[in-house]
Amino acid sequence: MLHAFDKSPDDSNPDGTLVQLNGTLYGLSNDGGNSGYGAVFSLTVTGKVKTIYSFNGESGYSPEGQLLAYDGLLYGTIPGDGEVYSVTTGGVFTILHRFSGPDGLNPDNGLTAAQGEMYGTTLQGGSKGIGTLYAIDTSGAEHVVYSFGGSSADGFYPDCTPTLWKNRLYGTTSEGGKYNHGTVFSITETGVEAFSHSFGSGIDGQDPQFSNVTPLGGILYGTTSAGGKHGQGTVFKIFPSGAERTLYNFGDVKGDGAAPNDGVISYRGVLYGTTAGGGTNGQGTIFRVTTTGKETVLYSLSGDDGSDPMGRLLPAGSNMYGTASGGGVYGQGTAFRFTP
């Protein structure tokens with residue numbers, strides 16, 4: 001454990017995935033900071049935390065998701081009606097865009113950069129009121145790429161950071177689809193939906209909350225927080241054609257994790273991720289799964305060192321870094337280093 005978060009003025013309840021910029025790690029806290037509305041913080045690899053910017057209500061509150069390190073700046077989103085912002089590593093904060101409804105509402109995840117633009121999702125808003133995929137540039141010029149709800153089988157409430165792969169944007173919706181248990185989608189940069197897979201049929205996974213998808217070896221991988229053989233979530237793979245298969249069902253072994261969030265990362269040809277629950281202590285796990293479906297619980301959180309890890313792991317050198325939204329000495333979450 002690198003740092004145990006406390007209440008204000010310390011940052012508390014870290015939310016989302018850490019990013020690296022110029023050798024320093026950066027993240028978001030859902031609470032705490034100077035005003036108690038959450039903060040952007042820096043984290044050294046030795047565990048020193050510094051508040052970079054404290055949200056004050058007027059500039060937004062309770063940031064979620066993850067930051068994007070792009071062109072020397074940090075970019076993020078604020079939920080509620082919502083906004084996209086930039087912040088320098090010195091704490092200079094700028095609102096780039098405020099959402100109004102037709103262009104989306106409630107962006108609660110991060111951004112991905114590609115070809116001079118950044119892409120993100122909103123949980124609500126758009127032409128059907130159930131979410132959008134949007135693009136925005138660094139000047140704040142924004143446009144809707146796709147409004148969800150275009151068909152009866154379409155997903156709604158997208159809450160992922162989209163992945164650009166082979167000229168398409170991939171991601172997940174937490175609800176909607178044929179069985180109302182979420183979808184994984186593929187949309188071109190011009191706004192044409194190439195496919196939408198519906199979760200929830202039989203023992204398929206359900207509810208891919210916050211799940212980003214990760215390419216590895218020509219296939220995309222992600223997680224569902226529920227469903228599967230034991231109702232504890234799955235790791236799934238999806239092919240460029242849209243065909244989906246369950247790679248692993250959580251609960252297959254004693255002491256397994258449960259309720260994976262935020263997808264998986266690819267590291268040296270293997271997939272790594274975290275679960276919000278399960279493990280030997282019931283506080284969540286760090287796991288590894290091969291592309292053939294062999295899963296190993298690498299570490300079970302105890303509560304003292306953190307609980308309920310929400311974001312993906314960040315590889316840096318021979319280590320990985322992450323945050324837990326709860327637990328620690330003060331019960332306000334932790335930042336940790338993990339050696340796979």
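In this predicted model, Met-1 lies in the segment that precedes strand E1, and together with Val-329 and Tyr-330 this residue forms a nonpolar patch on the surface, the three having about 340 Å² of accessible area together.

Strand E1 itself belongs to an open sheet of four strands, which are arranged in the order E1-E33-E32-E31 and pair in antiparallel fashion. Because strand E1 (3-4) and strand E31 (314-316) stand at the edges of this sheet, each has a single partner strand, and one side of each is therefore left without a neighbour in the sheet. Within the same sheet, strand E32 (residues 319-324) and strand E33 (residues 334-338) run antiparallel and are joined by five bridges, and Thr-323 is placed opposite Ala-335 of E33.

Turning to the interior, in soluble globular proteins nonpolar side chains tend to be buried together. The largest nonpolar core of the model contains 14 residues, of which Tyr-26, Val-40, Phe-55, Leu-67, Leu-74, Tyr-85 and Val-87 touch the most other members. At least two residues of this core are supplied by each of strand E3 (19-21), strand E4 (24-32), strand E6 (49-54), strand E8 (73-78) and strand E9 (83-87). The surroundings of Val-87 can be described in further detail: when residues up to four places away in sequence are not counted, Val-87 touches Val-40, Ile-52, Tyr-53, Leu-73, Leu-74, Val-92 and Phe-93. A second core, separate from the one just described, consists of 12 residues, among them Leu-133, Tyr-146, Cys-160 and Ile-187.

Methods
Residues numbered from 1 in each chain as written. Predicted model: local features only at pLDDT ≥ 70, side-chain atom pairs only at ≥ 80, totals over all residues. Heavy atoms only, no water. Pairing = 2+ DSSP bridges. Core = buried A, V, L, I, M, F, W, Y, C linked by side-chain atoms within 4.5 Å. Buried < 20%, exposed > 50% of the residue type's maximum accessible area, 1.4 Å probe, protein only. Contact = heavy atoms within 4.5 Å. Patch = residues over 30% accessible without salt bridge, like charges linked within 9 Å, V, L, I, M, F, W, Y side chains within 5 Å. Areas by Shrake-Rupley, 256 points an atom, 1.4 Å probe, with all protein chains shown as cover. Salt bridge = Lys/Arg side-chain N within 4 Å of Asp/Glu carboxyl O.
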